[in-house]
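Biologist: Hey, got a minute to go through this one with me? I'd like to start with the charged residues and then move inward.

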Amino acid sequence: MNLTDLTDAYQRLVKAAQGITDASPITDAERADVAWLLAHIALSDRVLTTAARELLGGATSVVVDNQPAMDAQAIDDLIAGTTHPRRIEVLHGNAVELMDLLKLIPEGSWSADTQLRIHDRDGQHVSDSQLTWSGLIDIRAKQNIPGHAVRLAELGNRG
């Protein structure tokens with residue numbers, strides 16, 4: 001599968017996150033949202049990395065449950081243990097690890113059945129859906145990561 005869109009999306013996300021500094025004129029609530037978002041994406045990539053490893057191990061279907069990436073304690077711990085620049089490094093490192101694994105997935109595994117379980121910020125289960133692995137990665141590449149990058153870029157371009 002062509003990963004150009006996902007690579008570009010992550011590059012824009014990291015650049016947008018780096019555009020937010022201590023001098024950025026954003027509110028404390030917005031800073032907290034930025035920290036939450038970076039932690040959430042980093043944790044989401046860990047979930048996807050686990051599923052990618054399952055596919056590389058020969059699985060014909062995977063479950064991608066975002067609960068660990070919405071877990072308040074995990075997010076709080078990541079935020080408490082890092083600075084903004086360090087959160088960007090963690091996010092970037094997790095994205096690179098995911099991308100490296102995606103490059104190894106055989107072409108036939110991209111059509112693997114994928115059950116997507118979505119939880120909200122409060123940890124409540126909100127939906128389940130079925131799609132292919134390539135469909136999930138395509139959503140991440142064209143909607144999820146770009147949407148987060150736009151939000152961060154808006155905050156970083158104030159002033």
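Biologist: Is Asp 128 buried, partly exposed or exposed?

Modeller: Partly exposed, because its relative accessibility is 40%. Keep in mind that this is a predicted model.

Biologist: What does Asp 128 form a salt bridge with?

Modeller: Its partner is Arg 117, and the closest N and O atoms are 3.7 Å apart. The two sit in distant parts of the chain, with Arg 117 in strand 2 (residues 113-119) and Asp 128 in strand 3 (residues 125-132), 11 residues apart. Arg 117 is partly exposed too, at 28% relative accessible area.

Biologist: How many salt bridges does a search of the whole structure find?

Modeller: The search turns up 8. One of them joins the side chains of Asp 5 and Lys 142, at 3.8 Å from N to O. That pair also links distant parts of the chain: Asp 5 belongs to helix 1 (residues 4-18) and Lys 142 to helix 6 (residues 133-156), 137 residues apart.

Biologist: Which residues are linked with Asp 5 and Lys 142 in a network of salt bridges?

Modeller: Asp 138 is the other one, so to speak: Asp 5, Asp 138 and Lys 142 make up the network. As for exposure, Asp 5 is partly exposed at 39%, and Lys 142 is partly exposed at 48%.

Biologist: And what about Glu 89 and Arg 86, how far apart are they in helix 5?

Modeller: They're 3 residues apart in helix 5 (residues 84-104), which means about one helical turn separates them. Their side chains meet in a salt bridge of 3.1 Å, N to O. Glu 89 is partly exposed at 48% relative accessible area, and Arg 86 is partly exposed at 40%.

Biologist: Why can side chains like that pair?

Modeller: Opposite charges can pair when the charged atoms come close.

Biologist: Switching to rings. How many aromatic pairs does the search find?

Modeller: The count for the whole structure is 0. There is a charge over a ring, though: Arg 121 lies over the face of Trp 36, 3.6 Å from the ring centre.

Biologist: OK, let's go inside. Which residues touch the most other members of the largest nonpolar core?

Modeller: Tyr 10, Leu 13, Val 64, Leu 102, Trp 133 and Leu 152 do, out of 50 residues in that core. Elements giving it two or more residues include helix 1, strand 1 (61-65), helix 5 and helix 6. Helix 2 supplies the largest share, with 13 residues.

Biologist: Which residues is Leu 13 in contact with, leaving aside its neighbours within four places in sequence?

Modeller: Ile 41, Leu 91, Ile 145, His 148, Ala 149 and Leu 152.

Biologist: Back to helix 2. What span should its 29 residues have?

Modeller: At 1.5 Å a residue they should span 42 Å, and the end C-alpha atoms are 42 Å apart, so the two values agree. After helix 2 comes Gly 58, which has a positive phi, near 105 degrees.

Biologist: Last one: where is Thr 83?

Modeller: Thr 83 is in the loop between helix 4 and helix 5. With a relative accessible area of 48%, Thr 83 is partly exposed. From Thr 83 to Ile 139 is 56 residues in sequence and 29 Å in space, C-alpha to C-alpha.

Technical notes: Residues are numbered from 1 along each chain as its sequence is written. This is a predicted model: local features need pLDDT of at least 70, side-chain atom pairs count only at pLDDT 80 or more; totals for chains, interfaces and linings use all residues. Side-chain values use heavy atoms; hydrogens and water are left out. A salt bridge is a side-chain nitrogen of Lys or Arg within 4 Å of a carboxyl oxygen of Asp or Glu. Helices (H or I, at least four residues) and strands (E, at least two) are DSSP runs, numbered from the N terminus. Buried means under 20% relative accessible area, exposed over 50%, partly exposed in between (1.4 Å probe, protein chains only). Rings of Phe, Tyr and Trp (its six-membered ring) pair if their centres lie within 6.5 Å; planes under 30 degrees apart count as stacked, over 60 as edge-to-face and the rest as tilted. A charge sits over a ring if NZ of Lys or CZ of Arg is within 6 Å of the ring centre and within 35 degrees of the ring normal. A nonpolar core is a set of buried Ala, Val, Leu, Ile, Met, Phe, Trp, Tyr and Cys residues joined through side-chain atoms within 4.5 Å. Contact means heavy atoms within 4.5 Å. The expected span of a helix is 1.5 Å times one less than its number of residues.
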